[in-house]
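Biologist: I'd like a close look at one part, please: whatever enclosed space there is inside this model, and what sits around it. Take your time and connect it to the rest.

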Amino acid sequence: MKLMKSIPAITRTRLLGVAIALALGGVSAPVFTQEMDHSAMGHGMPPAESMEEMDHSAMGHDMEGMTTEEHAGMQGQDLPANAAPREPIPAVTDSDREAAFPDVAGHTVHDDGVHWFALLNRLETWDADEGSAIGWEGSGWIGTDLDRVWVRSEGESIDGSVESADVEVLYGRAIARWWDLVAGVRHDFGEGPSQTFAAVGVMGLAPYMFEVEATAYFGQSGQTGLGLEAEYETLFTNRLIGTWLVEAEVWGQDDRKRGIGSGLSTLEAGFRLRYEFHRQFAPYIGVVWERAYGGTADYRREQSRDIEDTRVVAGVRIWF
């Protein structure tokens, strides 16, 4: 009864009529039809008789000239197994290749240009026992990226007199990334007789940003030597930079006239702190420790000179 109450009244009336007809038998059940109003259902579709034939060309499909496979692709259907694959990207033509790879014959090779560079890495002074002292160390080159002529010089002058100095002229050839092989001549002058050496070595940037120079020397009377230098920079700021330096000299024979003993001759270590007002101009202060060893130390003792020295230096670094 509750179910019957939930059915609308008009529906209950129709159901009752159908039941009576079935009970009497032989009487066809009434057919209840009602024309459906599709617009009332919210579809917004016009009546079938009012629909006009649709113009597919107006929809941008342009069905004329289309193959069966193209039409099937538009309808979302699978292509036949023997159908050629569709190519949404056009095939590359010769004109496309020419545009992508133009002829670069005659293009200028920039690594053949000749350049030059000069660096006065250290020009400093300190207070020595014999008077005011000046020290320098610098290098420069001219050439291309692969082939260069190098000039290097280092020395000390005390109270206006050159105590020790050397000048090297070397040919350098790039043999690896960041590394050059150098060969040339070195000339020493200062106290004692001057001497000239043949020189060969390497220079470059080692792992962890260490600048390294290692040069072997071959001089008169079978004299041989080895110079080693390693330098490392610490950036405290973009302008305040500290430089750590270690230098060593080793000689194969004693040379009393020049005050050189065989074996490890001298070892020098220092730290210099510079401030770059400009990248090309930077004053600095620093502390340098130096010591003589072996026969070199003995010769200095004979001359009543110190074999070990610690000094405070002030100078400037300039490059062009």
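Modeller: Let's start with the whole thing: 27% of the 320 residues in the protein are buried, where buried means under 20% relative accessible area, exposed over 50%, and partly exposed in between, with a 1.4 Å probe and protein chains only. This is a predicted model, so local features need pLDDT of at least 70 and side-chain atom pairs count only at pLDDT 80 or more, while totals for chains, interfaces and linings use all residues. Residues are numbered from 1 along each chain as its sequence is written, and side-chain values use heavy atoms, with hydrogens and water left out. The protein has five helices and twelve strands; these are DSSP runs numbered from the N terminus, with helices (H or I) of at least four residues and strands (E) of at least two.

Now your enclosed space. Searching the whole structure turns up one cavity of 30 Å³ or more. On a 1 Å grid over the protein atoms alone, a cavity is a set of points where a 1.4 Å probe fits but cannot get out, whereas a pocket is an open set with protein on both sides within 12 Å along at least five of seven lines; lining residues have an atom within 4 Å of a point. The cavity holds about 100 Å³, a volume being the space filled by probe spheres set on grid points, which are joined across faces, edges and corners.

Its lining is Asn 121, Arg 122, Glu 231, Thr 243, Leu 245, Arg 272, Arg 274, Tyr 284 and Arg 317. E1, E9 and E10 are the elements that give two or more residues to that lining. By class, five of the lining residues are charged, two polar and two nonpolar. Here Ala, Val, Leu, Ile, Met, Phe, Trp, Tyr, Cys and Pro count as nonpolar, Asp, Glu, Lys and Arg as charged, and the others, Gly among them, as polar.

How are the strands around it put together? E9 (residues 240-251) and E10 (residues 263-275) run antiparallel, joined by twelve bridges; two strands pair if DSSP finds at least two bridges between them. One lining residue shows up in that register: Arg 274 in E10 is the bridge partner of Ile 241. E9 also pairs with E8, again in the antiparallel sense, over eleven bridges. Thr 234 stands opposite Gly 242 in E9, and E8 and E9 form a hairpin with four residues between them.

Over in E1 (residues 115-128) you'll find Ala 118, which counts as partly exposed because its relative accessibility is 23%. Ala 118 touches Ser 139, Gly 140, Ile 318, Trp 319 and Phe 320, leaving out residues up to four places away in sequence; contact means heavy atoms within 4.5 Å. The C-alpha atoms of Ala 118 and Trp 319 are 5.6 Å apart, although 201 residues separate them along the chain. Across the protein, 41% of the contacts with a separation of 6 or more are between residues 24 or more positions apart.

For comparison, there's an open space too. The second largest pocket has a volume of about 1100 Å³ and is lined by 32 residues, with Phe 117, Leu 119, Trp 150, Leu 205 and Glu 211 nearest its centre. E8 (residues 224-235) gives the most to this pocket's lining, with five residues.
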